[in-house]
Each structure stands twice: as C-alpha cells, then as structure tokens.
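User: I would like to go through this model and ask how its labels are justified. Please set each value against the rule behind it.

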Amino acid sequence: MVSTTGAAAKGTRPRLSAPGLKFATVTVGNEHKRFVVHEDLLTNHSTFFRAALTGGFKESIDKAVHLEDQDSRIFELFVHWLYYQNFPAQKYNDDKDTIELYLGNVGVVKFEFRLDTLIRLYVFGDKYDAKALRHEAITEIFNRILNPFSTDEFPEAESIDYAFAHLDAETPLCRLLVDTTWSLDQLDFVDPDKIGSLSFMRSVWKRYKSGNSTGSIEKFDNKNVCHYHEHVDAAEREECSVRFKR
Ligand SMILES: [Zn+2]
C-alpha cells in the first residue's frame with residue numbers, strides 16, 4: 001500500500017509558531033459546537049474560510065463563522081487534519097477518541113466506516129473548497145480500495161449515495177467510485193437494493209458503455225491515483241506520479 005504520509009499537493013504551510021497569531025471561532029451545527037482554530041490554517045487551506053475571514057464581511061471582523069448544516073464530527077476531523085496533515089491513526093500516536101471519531105466508532109468492520117468518513121471529508125473539502133484535503137482524502141480512498149491486501153474494502157451503498165447526493169457526477173471521487181465498480185466488479189460488495197442514487201447508476205451504466213475492455217483488476221490497478229488528482233499542470237502531476245507510483 002502506498003503511504004500518504006507527508007502529503008502532496010500542499011502549498012507552503014503557515015508559520016504557526018509566530019507570536020500574536022489570530023484565532024477564528026467556528027461554531028458547527030444546530031448544537032453550535034465551538035471550535036477555536038488558527039485563522040491562518042483555515043484561510044490557507046480553504047477558499048471558503050479565506051473569503052469568510054478576510055473578505056470584509058461581518059465574519060471577518062468578528063473572526064467567527066457558523067456552519068449550520070454541518071456534521072461536527074467531520075469538522076473536528078478537518079481541524080485534526082489542518083494541524084497534523086494526516087488522518088488519525090495509532091501509528092501517529094493520535095488520541096484514542098480521535099481515532100474512534102475517524103473510524104465511526106460503531107460496528108465490527110470498522111474500515112467500512114473509515115471509508116465513509118473519508119468520503120464525507122472529501123465532500124467537506126468540496127463544499128468548503130479545501131483542495132489539499134480533497135487530494136489527501138481521495139488518495140487514501142484510492143489506496144484503500146485498491147490495497148491488494150484488503151480487496152474487500154469498498155464503500156457501502158449509503159456512502160456511495162452520500163457522495164452522489166452531494167457531488168457532481170464528474171468530480172474525481174464520483175469517477176473513482178464508478179471506475180472501481182466497473183473495473184473491479186465490486187458491485188458484489190454493494191447490495192444493489194440499497195443503492196438509491198440514480199446518478200450513480202446512470203454513471204455506472206455510461207461507464208460500461210464507454211468501457212472497451214472486460215474490466216480486469218489488472219487493468220485498473222495500473223491506473224495511477226493522479227487520474228483522480230486535480231493537478232494544475234503536467235509538472236505537478238509528474239512530481240506527484242513519482243511519489244505515488246504503484
Ligand atoms: Zn497526483
């Protein structure tokens with residue numbers, strides 16, 4: 001499995017050690033859960049927060065933003081990612097509660113919920129335009145689905161529905177879900193009766209029509225994760241391809 005440690009596609013990191021840095025307060029959901037975060041981290045990684053906190057609006061004066069329709073669990077994981085630049089894991093000595101937050105904290109087969117969390121983080125990255133978060137999330141999803149040592153790791157129907165309900169069918173995550181379903185024949189892992197997304201089913205159908213192979217796992221396995229990255233130019237893609245070469 002390819003490591004995502006270190007992370008590509010990040011710009012210069014803000015100097016959090018500088019004295020006198022400002023903090024922003026973000027309240028989340030109906031329960032108004034309150035998070036206090038370095039402003040530079042939020043504005044550095046999210047176009048939404050850059051506009052809200054520096055755009056001259058009331059929020060930028062108060063340094064306070066409220067996200068009404070947002071799951072606070074996903075926001076907390078976003079904050080964790082902002083500070084640590086990785087997703088919670090024992091190998092990073094992350095706090096047990098943080099890891100459980102990431103895994104979903106329910107069920108026996110926890111990796112299924114980890115993929116669901118990653119999909120939700122990707123959707124968060126889409127909604128609040130946090131490109132590096134999208135990059136990290138889709139890299140992790142790609143590696144987990146294609147991990148040869150864990151071939152049964154695939155999102156559940158509910159997670160697929162969630163992705164297609166919140167994202168355009170042409171976004172990289174939706175393309176990845178469709179490509180893996182087509183190429184790996186992983187529909188076996190998803191109960192068709194549980195899929196509700198017409199957009200997903202339509203996309204899979206189109207993929208079958210456009211596919212010109214029988215769809216072997218070997219063929220898909222050669223596909224580089226960069227196929228789902230949002231690189232700005234060939235040079236950036238080449239640099240990333242080297243790092244993530246399978
Ligand atoms: Zn790439």
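User: What makes Arg15 exposed or buried?

Analyst: The model is predicted, and the label rests on a count of neighbours. Arg15 has 8 other C-beta atoms within 10 Å. A residue with 12 or fewer is called exposed, so Arg15 is exposed. Arg15 is placed in the segment before S1. The C-alpha atoms of Arg15 and Asp40 are separated by 8.3 Å, with the two residues 25 apart along the chain.

User: How do you know whether Glu39 is buried or exposed?

Analyst: The same kind of count is used. Glu39 has 20 other C-beta atoms within 10 Å. The label buried needs 20 or more, so Glu39 is buried.

User: Where is Glu39 found, and which residues does Glu39 touch?

Analyst: Glu39 is part of helix H1, which covers residues 39–45. Leaving out residues up to four places away in sequence, Glu39 touches Lys22, Phe23, Ala24, Leu53 and Lys63. Between the C-alpha atoms of Glu39 and Ala64 there are 9.9 Å in space, and the two are 25 residues apart in sequence.

User: Why does Asp129 count as partly exposed?

Analyst: Asp129 has 15 C-beta neighbours inside 10 Å. Buried starts at 20 and exposed ends at 12. The count for Asp129 falls in between, so Asp129 is partly exposed. Asp129 sits in the loop between helix H6 (110–127) and helix H7 (131–145).

User: What is said about phi at Asp129?

Analyst: Phi of Asp129 is positive, at about 45°, although Asp129 is not a glycine. Most residues other than glycine have a negative phi. His32 also has a positive phi, near 50°, and is a residue other than glycine. His32 lies in the loop between S1 and S2.

User: What makes His32 buried or exposed?

Analyst: His32 has 11 other C-beta atoms within 10 Å. The limit for exposed is 12 or fewer, so His32 is exposed.

User: How do you know that S1 and S2 pair?

Analyst: Pairing needs at least two bridges between two strands. S1 and S2 have 6 bridges, in the antiparallel sense, so the requirement is met. One of the partnerships is between Thr27 and Arg34 in S2. S1 and S2 form a hairpin with 4 residues between them, and Gly29 in the turn has a positive phi of about 75°.

User: How many bridges join S1 to S3?

Analyst: Strand S1 (residues 23–28) is joined to S3 by 4 bridges, and the two strands run parallel. Set against the minimum of two bridges, this counts as a pair, so S1 and S3 belong side by side. Thr25 stands opposite Ala64 in S3, and Val28 stands opposite Leu67 in S3.

User: Why is the pairing in the sheet called mixed?

Analyst: The open sheet has 3 strands in the order S2-S1-S3. S1 pairs with S2 in the antiparallel sense, whereas S1 and S3 run parallel. The pairing is described as mixed. Strand S2 (33–38) and strand S3 (64–67) are the edge strands, each pairing on one side only. From one strand to the next the twist averages 25°.

User: Which side chains of S3 point to which face?

Analyst: Val65 and Leu67 point to one face and are buried, while Ala64 and His66 point to the other and are not. In a regular strand the side chains alternate between the two faces of the sheet.

User: What makes H4 oblique to H5?

Analyst: The axes of H4 and helix H5 (residues 96–103) cross at roughly 125° and come within 10 Å. Roughly perpendicular ends at 115 degrees, and roughly antiparallel is over 145. The angle lies between those limits, so H4 is oblique to H5. The crossing is left-handed. In the contact, Arg73, Glu76, Leu77 and His80 of H4 meet Thr98, Leu101 and Tyr102 of H5.

User: Where does H4 lie relative to the strands?

Analyst: Helix H4 (residues 72–84) lies across S1, S2 and S3, running at about 15° to S2.

User: Which residues have the most contacts inside the largest nonpolar core?

Analyst: They are Ile141, Ala163 and Leu173, in a core of 48 residues. Ile141 touches Leu115, Leu118, Ile119 and Leu176, not counting residues up to four places away in sequence.

Key: Residues numbered from 1 in each chain as written. Predicted model: local features only at pLDDT ≥ 70, side-chain atom pairs only at ≥ 80, totals over all residues. Axes fitted to C-alpha atoms, helices over the stretch in contact; angles between N-to-C directions. Contact = placed C-beta atoms within 7 Å. Core = buried A, V, L, I, M, F, W, Y, C linked by C-beta atoms within 7 Å. Parallel < 35°, antiparallel > 145°, perpendicular 65-115°, else oblique. Left-handed = near helix turned anticlockwise from the far one by under 90°.
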